[in-house]
Amino acid sequence: MKEQLESIRVNALAEIESANSLAQLDEIRVRYAGKKGEVTSILKQMGKLSAQERPVMGALANEVRANIEEKLSEKIAAINAEMLEKQLKDEEIDITLPGKELEMGKRHPLQLVLDEFKEIFLGMGFEVVDGPEVEYDNYNFTMLNMPESHPSRDTQDTFYITENILLRTQTTPMEVRTMLNQKPPIRVIVPGRVYRADEIDATHSPLFHQIEGLVVEEGLTFADLKGTLEAFVKKMFGEDTKVRFRPHHFAYTEPSAEMDMTCFKCGGKGCSMCKGEGWIEILGCGVTNPVVLETCGIDSTKYTGFAFGMGLERLTMMKYNIDDLRLLYENDMRFLSQF
């Protein structure tokens, strides 16, 4: 039995010395010093020894086990030190090397134009208001003088969630909410995302941005509307820009109009951009329908209002001479880096 224990000691120490991984060391520990290892197997045979031999063999077995465990600890420490040294070397940073230049982010062209738009109207005394994109049918249509039979309610144009809840098709509902919660004078602009069931192409998208404007005060006329919008266009596109108004129809304004501006590319002479007409449609507008004012609890005999609305994408495309709406959403850095 003594010879067996000495053989176990020699073999175990030799294997530990030649091991080069923690997994190998753990395997050696289990095989020699584990609960079912070779040293334990020898101890189970102690019952065959005489009373005088048992203490001697027990002490030797414990000594062998201790030698193995001590050598294992030393080898594990050595391997861990080697691994740490390698890790530190791999992670070593040469602080004398030049740093990587980080590309600075820029504002999106839509945001650039929106910021300029806000700046212009804030300078005219307007406030910016925001509202929910998931809207009630009542605010999106009914209170804007659009009955259930109105074409704008057609499910081909509108994303309905339930029978009376939808994704807003315009930011005009916030005009209603503002008039319900605020007494005149009112002077607000409402930018935000809107949704319509359109196919994606160069000029259409199911998600786009609108900017609505509303003014409600005493003594307003169509002339105030024209003056406000003309001042906006000149600040946005240049003092030489001219505008014209054409009669149109909107359910929540009466009278209503569409406003054109001289083509920014040819200056009104006629080109491919304006299809030779010299004019480009930019927005819809009109005097707020008295029915809408009364519905919102505003006395239409005392107050009048005007409203206007335009697409932010259209403004941006005109501002930067962009001919495809999809460029604004594709996140192509070759395009975005130009701004």
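This report describes the two largest pockets in a predicted model.

## The largest pocket

The largest pocket has a volume of about 1,400 Å³. Its lining is made up of 48 residues. Those that lie nearest the centre of this pocket are Arg196, Gln210, Glu281, Gly311 and Arg314.

By class, 21 of the lining residues are nonpolar, 16 are polar and 11 are charged.

## Elements around the largest pocket

Several strands and one helix each supply at least two residues of this lining. The strands are strand 5 (207–217), strand 6 (243–250), strand 7 (253–262), strand 8 (279–288) and strand 9 (304–311). The helix is helix 10 (312–320). Strand 8 gives the most to the lining of the largest pocket, namely eight residues.

## The second largest pocket

For the second largest pocket, the volume is about 220 Å³. Residues from several parts of the chain line this pocket: His108, Leu110, Gln111, Leu114 and Lys118, then Pro191, Gly192 and Arg193, then His209, Gln210 and Ile211, and finally Leu312. Two or more residues of this lining come from each of helix 5 (109–123), strand 4 (186–195) and strand 5.

Helix 5 gives the most here, with four residues. The lining of the second largest pocket divides by class into five nonpolar, five polar and two charged residues.

## Where the two linings meet

Gln210 lies among the residues nearest the centre of the largest pocket, and Gln210 also lines the second largest pocket. Strand 5 supplies at least two residues to the lining of the largest pocket and two or more to that of the second largest.

Methods. Residues numbered from 1 in each chain as written. Predicted model: local features only at pLDDT ≥ 70, side-chain atom pairs only at ≥ 80, totals over all residues. Heavy atoms only, no water. 1 Å grid on protein atoms, 1.4 Å probe; cavity = no way out; pocket = protein on both sides within 12 Å on 5 of 7 lines; lining within 4 Å. Points joined across faces, edges and corners; volume = space filled by probe spheres on them. Nonpolar A, V, L, I, M, F, W, Y, C, P; charged D, E, K, R; others polar.
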